[in-house]
Amino acid sequence: FQAMKHRKGHKNLDVIHHGLVLISDGQGKGRPARLLLTKDLLSVQIPCDPNEEPTPLLPQEENPVRSVTIRRRKESGGLGISIKGGTENAQNMPIIISKIFPKMPADETGQLHVGDVIVEVNGEKVEGRSHDEVVEMLKGGDEVSIGVRSCQQIAPYLRSSLSLQNSSRAGSVLDKMYEPNTWKSAMKAQSSLSLYDTASMASLADPKSDRWKTITSVSLPMAYVTRYLWGTDTIRQNSFEVRAVDGTSTGIAHCEDATAMSEWLNHINHHIQALNSKSIKMSNKYLHQSEQISFIGWVNERIDELATDPNLRWFPRFLIIKGPDICLFESPPLNSEDLSKCLFLYKAYDCAVKQVPPDTRRLDKRDHIIWLETSGGPKEKHYLSFDAPNMTETFEQQYYKCIYASINAMQSRTFACSFEGRPSGLVFDIRQGISLYDIPTKSYAWQYRFRDLHASSDDGKVHVQFVFKDERALSQNRLEAKDIECDEAVAVAFTLHAFLMAKMFATDPNFLKNNPLL
C-alpha cells in the first residue's frame with residue numbers, strides 16, 4: 001500500500017521531464033542521481049535502499065489548511081509576523097506571511113513559513129477582508145489560532161534574497177549528498193539495483209519508480225541557470241547548474257551527452273520563462289500602465305574592477321524592463337519596495353543596446369553578448385552576457401517595444417544647446433521631426449523630417465552635427481550640415497537613436513528583429 005501511494009504521489013507531481021545524471025560539487029567525481037522536473041520545481045533524487053520504508057509523498061494538488069496556534073508573550077504582545085495582501089481598491093490579493101521574525105512566538109511554533117497563505121483567523125475566513133482588517137483580527141487575545149495553506153509559487157518571491165554567490169545554501173544539497181551514510185545507502189541501492197544494467201536503468205528512470213528519494217528541490221520562479229564555471233568564461237562540457245532565488249542549488253548536473261544536456265536546458269529554461277511571465281502578469285495587475293513590467297531575467301556582467309581574483313570577472317545581475325526604465329539588480333526584487341533598490345536605473349531612450357559579434361570585439365569567450373551603453377559615459381557602460389540565446393532575442397524585442405512605447409508616451413524631447421552662437425533648443429518630435437528653436441527670436445530656425453536625416457555624428461562631449469537632405473541646399477549633393485553645441489551630446493545621440501527606432505518599429509516591427517543593431 002505504501003509503495004502504491006508513493007507512486008501515486010509521483011504521478012500527481014505532473015512530471016514533465018526526468019532522467020539520470022551525475023551530480024557533483026565541481027571538485028570531485030559526480031555521483032549518480034536523477035533529476036525530476038515538474039511545472040515549478042527541479043528535484044534532485046538519489047537511489048534509496050529497497051529495504052528502507054518509503055516515505056509517502058503528499059500529492060501536490062492536495063494542499064490542506066494547517067491550523068497553528070500562536071501564544072503571545074506578555075512582555076512583547078506581538079506575534080512576530082508581517083503580512084501582505086488583502087482587498088484594497090478593487091484589488092483582491094491573498095493574505096500572505098511575508099516575514100517571520102526570529103525568536104518570536106510565530107517562529108517558535110516551527111509550523112509557519114514565509115509564503116504561507118492565511119485563510120482564517122480564530123475560525124473566521126479572511127477572504128475579501130482588507131489588510132488592516134486582518135491585522136486587527138490577529139491582534140485579539142493572548143492566543144491566536146490561524147489556518148494557513150502552503151503556497152510554493154509565492155514563497156520564493158518573499159524569502160530573503162541571498163546573493164547567488166552565497167554558498168551556504170548552494171552547498172547544502174552537496175554536503176548532504178556527500179555525507180558517507182547517505183552515499184553508503186545510495187551505493188548499496190545502486191549495487192542491488194544493478195544501476196548500470198540497461199533494464200534496471202530504464203526501471204530507475206521511470207518517474208513513477210519508488211526506488212528514489214528526493215534530497216533537494218529547486219524552485220524555478222526566477223531561477224538562475226548556467227553552464228559556466230562560476231565567475232568565468234569557461235563553459236562546462238555537457239553540464240549545467242540551477243540555483244533558486246534563495247541560493248538553493250542542484251549542484252553541477254553532468255549529462256550523458258550534448259543532446260541530453262540541450263533537452264534539459266530547453267525544458268528548464270522554458271518553464272522558468274513561463275513562470276516569470278506569470279509573475280510579470282501578476283505584478284502588472286497592480287502597476288500603472290506607464291510602469292508595466294515587460295521583461296525579467298538573469299544576465300551576467302563582466303566587471304574587471306570588482307574582480308579580486310583575475311579569473312573571476314563575471315557577476316550575476318537581475319535585469320528588469322519596467323515602463324521606460326532598464327534596471328539592474330544584484331538579486332530579484334521581492335516586493336515593490338525592493339524595486340527602488342536597483343544597482344543601476346536608466347531610461348531606455350538614454351541607452352543604446354548593441355550586439356557584440358563573435359570576433360575581436362569580444363573581451364573573452366562568453367557568448368550572447370551585448371553592450372548596454374548609456375549617456376553616463378564609459379563608467380556606466382555594461383558588458384552583458386545571457387546564458388541562453390533566446391533570452392538575448394527576448395530582451396532585444398522587449399527593449400525595442402519599450403523604446404516605441406516610451407517615445408510615443410513622451411512625444412517630444414528638447415535639449416538646451418547653442419547654434420551659431422545663439423541660445424537654442426534642439427527639439428525631437430515624433431510627428432514633426434527634428435527642429436531648432438531660436439530662443440532670442442522665439443521662433444524655429446529650421447525644421448526637418450526624420451526621413452530627411454542623411455547622417456549624424458558627435459564627439460562624445462559637446463559637438464553634434466546633423467546632415468540633412470535638402471533640395472534648397474547650395475551644395476551639389478543637396479546636403480545641408482547643421483552644427484550645434486550641447487553639454488549632453490551623448491544623450492542627444494541616444495535620443496535621436498531612440499526616435500528613429502520608434503519610427504522604424506511603428507512601420508515594421510520585424511525590421512529590427514531581422515536587422516539587429518551592431
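**F428 is a buried residue, with a relative accessible area of 0%.** Buried means under 20% relative accessible area, exposed means over 50%, and partly exposed lies in between, with a 1.4 Å probe and protein chains only. F466 is likewise buried, at 1%. The model shown is predicted: local features need pLDDT of at least 70, side-chain atom pairs count only at pLDDT 80 or more, and totals for chains, interfaces and linings use all residues. Residues are numbered from 1 along each chain as its sequence is written, and side-chain values use heavy atoms, with hydrogens and water left out.

**An aromatic cluster contains F428 and F466.** The other members of this one cluster are F415, F419, W446, Y448, F450, F468 and F499. Rings of Phe, Tyr and Trp (its six-membered ring) pair if their centres lie within 6.5 Å; planes under 30 degrees apart count as stacked, over 60 as edge-to-face and the rest as tilted. By this rule, the structure has 21 aromatic pairs.

**Two edge-to-face pairs are Y224 with W230 and F428 with F466.** The ring centres of Y224 and W230 lie 5.8 Å apart, with 65° between the planes, an edge-to-face arrangement. Y224 is buried, with a relative accessible area of 3%, whereas W230 is partly exposed at 23%. F428 and F466 also form an edge-to-face pair, at 6.4 Å centre to centre and 75° between the planes. F428 belongs to strand β22 and F466 to strand β26 (residues 463-469), so this pair ties together parts that are 38 residues apart in sequence. Helices (H or I, at least four residues) and strands (E, at least two) are DSSP runs, numbered from the N terminus.

**Positive side chains lie over the rings of Y228 and W371.** A charge sits over a ring if NZ of Lys or CZ of Arg is within 6 Å of the ring centre and within 35 degrees of the ring normal. R366 lies over the face of Y228, at 3.9 Å from the ring centre. K381 is placed over the face of W371, at 4.3 Å from the ring centre.

**R302 and D304 are joined by a salt bridge and belong to a wider network.** A salt bridge is a side-chain nitrogen of Lys or Arg within 4 Å of a carboxyl oxygen of Asp or Glu, and the structure holds 22 of them. Between R302 and D304 the distance is 3.0 Å, N to O. R302 counts as buried, at 16% relative accessibility, while D304 is partly exposed, at 35%. Salt bridges link R302, D304, R313 and D364 in a network.

**A salt bridge between K347 and D325 connects two strands.** The side chains of K347 and D325 meet at 2.8 Å, N to O. K347 lies in strand β17 (residues 344-347) and D325 in strand β16 (residues 325-329); the pair links distant parts of the chain, 22 residues apart. K347 is partly exposed, at 30% relative accessibility, and D325 is buried, at 13%.

**D438 and R422 form another salt bridge between strands.** The closest N and O atoms of D438 and R422 are 2.8 Å apart. D438 is in strand β23 (residues 433-438) and R422 in strand β22 (residues 422-429), so placed that the pair links distant parts of the chain, 16 residues apart. D438 counts as buried, at 7% relative accessibility, and R422 as partly exposed, at 34%.

**The cysteines C327 and C417 are too far from other cysteine sulfurs for a bond.** A disulfide is a covalent bond between the sulfur atoms of two cysteines. The rule requires a pair of cysteine sulfur atoms within 2.5 Å, and the count of disulfides comes to zero. The sulfur of C327 has its closest cysteine sulfur in C342, at 4.7 Å. For C417, the closest cysteine sulfur is that of C486, at 6.0 Å. C327 is buried, at 4% relative accessibility, and C417 is buried as well, at 11%.

**Helix α10 comprises residues 389-410.** This helix of 22 residues reaches 32 Å from its first C-alpha to its last, close to the 32 Å expected at 1.5 Å a residue. The expected span is 1.5 Å times one less than the number of residues in the helix. Its buried residues include M391, F395, Y399, Y400, C402 and I407. After α10 comes Q411, whose phi is positive, near 70°.
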